[in-house]
Amino acid sequence: MIKRLSIIVCLFMGIVTTQAQHQVTSFFDELGTARIQTSEFSQAHDTIVMVDHRIDDVIWSRYVYRIIDMRYKQNYQLYFPAKADDPDYRNLFKVIVDAVVDGLPIYPRGAETIKPDFKSVDAFTKAQIPIDAFMVVDKTEDHSDDEDFWNISRSTAMLINYDSVTDMLRANPFSFENVVRNQLKYLIQEVVFFDKHTSRLHTKIMAIAPLHPVLISTQDSTKVMSSLRESIMFWIPFDLLRPYLAMQYAIPNRNETKRVTYDEFFQKRLFTSYIVGEGNMYNRWIPDYAGGEAEIRKEQERIATELLNFEQDLWEY
């Protein structure tokens with residue numbers, strides 16, 4: 001009898017423990033509204049997965065540079081909302097701006113190239129934000145004597161302002177909305193590599209750079225690379241940005257309950273992009289040597305095909 005009672009008690013405790021571990025949360029709260037929250041993330045940093053690939057296991061790698069264009073429908077979730085005061089969602093550029101205000105270090109572009117150099121160049125910290133990195137209007141204009149230029153209520157003011165009273169940086173919502181409507185492109189540097197330990201090809205984003213909306217436009221095909229180089233606002237190491245990306249959901253696309261964070265969006269490669277260059281001995285990118293649009297597309301297809309063929313040729317059937 002005692003043995004049976006002990007078994008019943010154990011089963012009862014197991015059921016209670018199981019119910020305690022799997023609490024059922026109603027889709028609707030006490031006010032009758034849907035429980036879809038976007039502002040609270042208590043354990044979001046735990047969702048960041050970092051895979052440590054040993055250098056001895058990587059037997060092949062190749063750098064690739066891509067542009068993420070917000071005008072492609074697949075990238076709309078990175079562009080919207082364009083408002084600075086949306087209570088639930090922030091677009092990718094707003095997340096980056098808030099991260100810089102929070103103290104995320106940013107790196108200037110190289111003098112003669114578009115690739116980042118995180119080894120020989122000191123990062124700009126929270127107290128050393130470069131003035132030209134967040135300039136909204138034409139850089140050629142002189143605003144040294146224009147007191148109203150620094151007025152945050154003007155749309156042509158600096159995007160990030162320094163508050164001498166609180167000794168803190170803050171984003172200017174007026175300038176943000178003026179900039180973000182034309183913030184249509186990002187440049188990413190990624191490395192494609194083969195890990196013999198996992199026996200598969202991996203792709204990792206190394207860095208991301210917003211492209212200045214004013215300086216990137218050019219009609220002269222011979223100046224495409226110079227325009228691309230000059231339009232780079234700054235470089236951010238992607239791994240340093242990931243904690244901020246993991247704390248913000250991307251705006252839903254036709255399904256409010258199917259949401260992903262920006263970190264998931266990039267890790268699952270839900271965006272679309274096109275190739276503008278690769279690592280090579282000549283230190284050249286496609287617009288450096290491709291003359292017309294047809295030749296540029298041919299080179300883009302060649303690089304994409306070589307990457308695909310390398311993975312396919314690793315195996316014998």
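Start by selecting helix 4, residues 173-180, in this predicted model. Its buried residues pack against two neighbours, helix 2 (76-79) and helix 3. Show helix 2 and helix 3 as well, so that you can see what helix 4 packs against.

Which residues of helix 4 are the buried ones? Pick out Ser175, Phe176, Val179 and Val180. Now turn the view until you look straight down the axis of helix 4. From there, the buried residues fall within an arc of 120°, so they line one face of the helix.

**Next stop: helix 3**

Select residues 92-102. This is helix 3, and it's mostly covered: of its eleven residues, ten are buried. Click along the helix and you'll meet them: Leu92, Phe93, Lys94, Val95, Ile96, Val97, Asp98, Ala99, Val100 and Val101.

Stop at lysine 94, which lies in helix 3. Is lysine 94 buried or exposed? Its relative accessibility is 12%, and the cut-off for buried is under 20%, so lysine 94 counts as buried. What does lysine 94 touch, leaving aside residues up to four places away in sequence? Show Ala84 and Phe176, and you have its contacts. You've already met Phe176, as one of the buried residues of helix 4.

Before moving on, step just past helix 3 to glycine 103. The phi angle of glycine 103 is positive, near 120°.

**Over to a pocket**

Now look for the second largest pocket, with a volume of about 750 Å³. To find the spot, select Val51, His53, Thr203, Lys204 and Gln267, the lining residues that lie nearest the pocket's centre. The whole lining has 24 residues.

Which elements give two or more residues to this lining? Colour strand 1 (58-69), strand 5 (200-210), helix 6 (238-245) and helix 7 (262-267). Strand 5 provides the largest share, with six residues.

Try colouring the lining by residue class too. You should find ten nonpolar, six polar and eight charged residues around the second largest pocket.

**Zoom out**

Finally, show the whole protein chain as a cartoon. You can trace nine helices and seven strands. Of the 317 residues in the chain, 38% are buried. Switch on the surface: the chain exposes about 19700 Å², and carbon and sulfur atoms supply 53% of that. One last thing to look for is how the chain meets itself: among contacts with a separation of 6 or more, 65% are between residues 24 or more positions apart.

Terms used:
Residues are numbered from 1 along each chain as its sequence is written. This is a predicted model: local features need pLDDT of at least 70, side-chain atom pairs count only at pLDDT 80 or more; totals for chains, interfaces and linings use all residues. Side-chain values use heavy atoms; hydrogens and water are left out. Helices (H or I, at least four residues) and strands (E, at least two) are DSSP runs, numbered from the N terminus. Buried means under 20% relative accessible area, exposed over 50%, partly exposed in between (1.4 Å probe, protein chains only). Contact means heavy atoms within 4.5 Å. Accessible areas come from the Shrake-Rupley method with a 1.4 Å probe; for residues, only the protein chains shown count as cover. The arc is that of the directions from the helix axis to the C-beta atoms. On a 1 Å grid over the protein atoms alone, a cavity is a set of points where a 1.4 Å probe fits but cannot get out, and a pocket is an open set with protein on both sides within 12 Å along at least five of seven lines; lining residues have an atom within 4 Å of a point. Grid points are joined across faces, edges and corners, and a volume is the space filled by probe spheres set on the points. Ala, Val, Leu, Ile, Met, Phe, Trp, Tyr, Cys and Pro count as nonpolar, Asp, Glu, Lys and Arg as charged, and the others, Gly among them, as polar.
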